[in-house]
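Thank you all for coming; I would like to take a few minutes to walk slowly through one structure with you. Please have the sequence and the model open while I talk.

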Amino acid sequence: MARRPLVAGNWKMNGLRASIGELEKIIAGARKLGNVDVMVCPPATLIAGFAAASRGTSVTIGGQDCHALAAGAHTGDISAEMLHDAGATAVIVGHSERRRGHGETDAAVRAKALAARRAGLTAVICLGEQRAERDAGRTRQVVGAQLDGSLPDDAEHVVVAYEPVWAIGTGLTPTPADVATMHGFIRERMCSRFGAMGNAVRILYGGSVKPANAEDLLRVANVDGALVGGASLDAAEFLAIAAVYR
Ligand code: PEP
């Protein structure tokens with residue numbers, strides 16, 4: 001089954017209005033890359049501006065989180081409907097920085113993924129084990145439980161991002177063989193739960209993807225693209241990663 005790759009940049013809490021120059025470079029570079037979807041997930045303050053600037057181009061804009069509800073008394077939160085209204089087409093949910101820093105459970109992540117669907121957004125659902133869990137040989141158990149608990153019952157409009165927590169922002173990465181094992185495990189589990197749809201879902205790898213290691217990590221079986229943090233802040237680096245699919 002041919003799955004079109006996706007390279008998504010998670011800018012986290014970085015970027016000001018002046019950063020639109022970086023987006024413009026990404027848009028220009030992405031024009032030359034016909035075989036890959038390119039997405040930028042800036043902070044919420046930039047979504048409307050970035051969505052306006054990328055309208056009619058091949059680059060799409062995503063949010064980094066959303067509330068499970070559509071509206072209400074939730075100071076500081078943003079709903080999936082608001083992201084959609086601002087021009088986003090997707091939202092990251094369950095990033096490890098949200099799971100750890102904001103105590104998000106699998107059930108909360110699932111509710112956010114359902115909210116994304118309700119609002120017409122693709123949910124990029126993040127999973128990944130911590131170092132201690134890996135060292136204890138519990139990687140499959142942990143990731144399997146996250147997968148079961150965080151995904152909605154319908155996997156349409158879902159992208160899964162496997163992001164070993166110890167690889168995020170550290171410069172450390174699993175070996176391509178380890179990535180193949182985990183992506184194969186996730187694929188099998190999704191196929192047994194969702195049937196043919198499980199085979200259509202894109203599984204991104206995330207965790208210290210850089211131009212220097214992108215070819216090795218992204219050419220692995222069942223890796224359908226990347227979720228890129230640090231390297232996505234620099235258009236040239238981000239495009240060099242996406243260019244693996246040129
Ligand atoms: C991330 O935070 O999703 C991520 C993959 O970050 P980095 O590429 O910086 O490791």
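Let me begin with the ligand, which is surrounded by 14 residues, and the closest of these are K12, H95, E163, G169 and S208. I should say at once that this is a predicted model, and please keep that in mind through everything that follows. If we sort the shell around the ligand by class, we find four nonpolar, eight polar and two charged residues.

Which backbone atoms lie beside an oxygen atom of the ligand? A backbone N or O atom of S208 is 2.7 Å from a ligand oxygen, a backbone N or O atom of G229 is 2.8 Å from an oxygen of the ligand, and for G230 the corresponding distance, again from a backbone N or O atom to a ligand oxygen, is 2.8 Å. The ligand taken alone would expose 290 Å², and the protein buries 98% of that.

Two of the residues I listed around the ligand deserve a second look, and the background is that most residues other than glycine have a negative phi. K12, which sits in the loop between β1 (6–10) and α1 (20–30), has a positive phi near 55°. S208, in the loop between β7 (202–206) and α10 (211–218), also has a positive phi, of about 55°, although it is not a glycine.

Are these two residues buried or exposed, or something in between? K12 has a relative accessibility of 21%, and because buried means under 20%, K12 counts as partly exposed. S208, at 9% relative accessibility, falls under that limit and therefore counts as buried.

Let me stay with serines for a moment. S232 is in the loop between β8 (225–228) and α11 (235–242), and with a relative accessible area of 0% it is buried. The side chain of S232 reaches the backbone oxygen of V228 at 3.2 Å, and, if we set aside residues up to four places away in sequence, S232 touches G9, N10, W11, I26 and F238. S96, by contrast, belongs to a helix, α4, which covers residues 96–101, and it is buried too, with a relative accessible area of 9%. Beyond its neighbours within four places in sequence, S96 is in contact with G101, V165 and I168.

Now I would like to turn to the interior, where the general expectation is that in soluble globular proteins nonpolar side chains tend to be buried together. In this model the largest nonpolar core has 66 residues, and those touching the most other members are V40, I125, V160, I186, M190 and L218. Helix α8 supplies the largest share of this core, six residues. There is also a second, separate core of twelve residues, which includes A8, M39, L204 and L227.

To see what the surroundings of one such core residue look like, take I125, whose contacts outside its neighbours within four places in sequence include V93, V109, A113, V158, V159 and V160. Another useful example is I61, in strand β3 (residues 59–63), which is buried with a relative accessible area of 2%. The C-alpha atoms of I61 and V40 are separated by 5.0 Å, although the two residues are 21 residues apart along the chain. Among the further contacts of I61, again leaving aside neighbours within four places, are L23, M39, I47, F50 and A88.

Helix α8 spans residues 176–194 and also holds H183, which counts as buried because its relative accessibility is 0%. H183 touches Y162, I203, L204, Y205, A221, N222 and V223, not counting residues up to four places away in sequence. Its C-alpha atom is 27 Å from that of A68, and these two residues are 115 residues apart in sequence.

I will finish with a glycine on the outside, and the question of where it sits and how exposed it is. G76 lies in the loop between β3 and α3 (80–86), and it counts as exposed because its relative accessible area, 75%, is over 50%. The C-alpha atoms of G76 and V142 are separated by 30 Å, and the two residues are 66 residues apart along the chain.

Key. Residues numbered from 1 in each chain as written. Predicted model: local features only at pLDDT ≥ 70, side-chain atom pairs only at ≥ 80, totals over all residues. Heavy atoms only, no water. Near = heavy atom within 4 Å. Polar contact = N/O pair within 3.5 Å; in protein donor to acceptor, adjacent residues only side chain to side chain. Areas by Shrake-Rupley, 256 points an atom, 1.4 Å probe, with all protein chains shown as cover. Nonpolar A, V, L, I, M, F, W, Y, C, P; charged D, E, K, R; others polar. Helix = DSSP H or I, 4+ residues; strand = E, 2+ residues; numbered from the N terminus. Buried < 20%, exposed > 50% of the residue type's maximum accessible area, 1.4 Å probe, protein only. Contact = heavy atoms within 4.5 Å. Core = buried A, V, L, I, M, F, W, Y, C linked by side-chain atoms within 4.5 Å.
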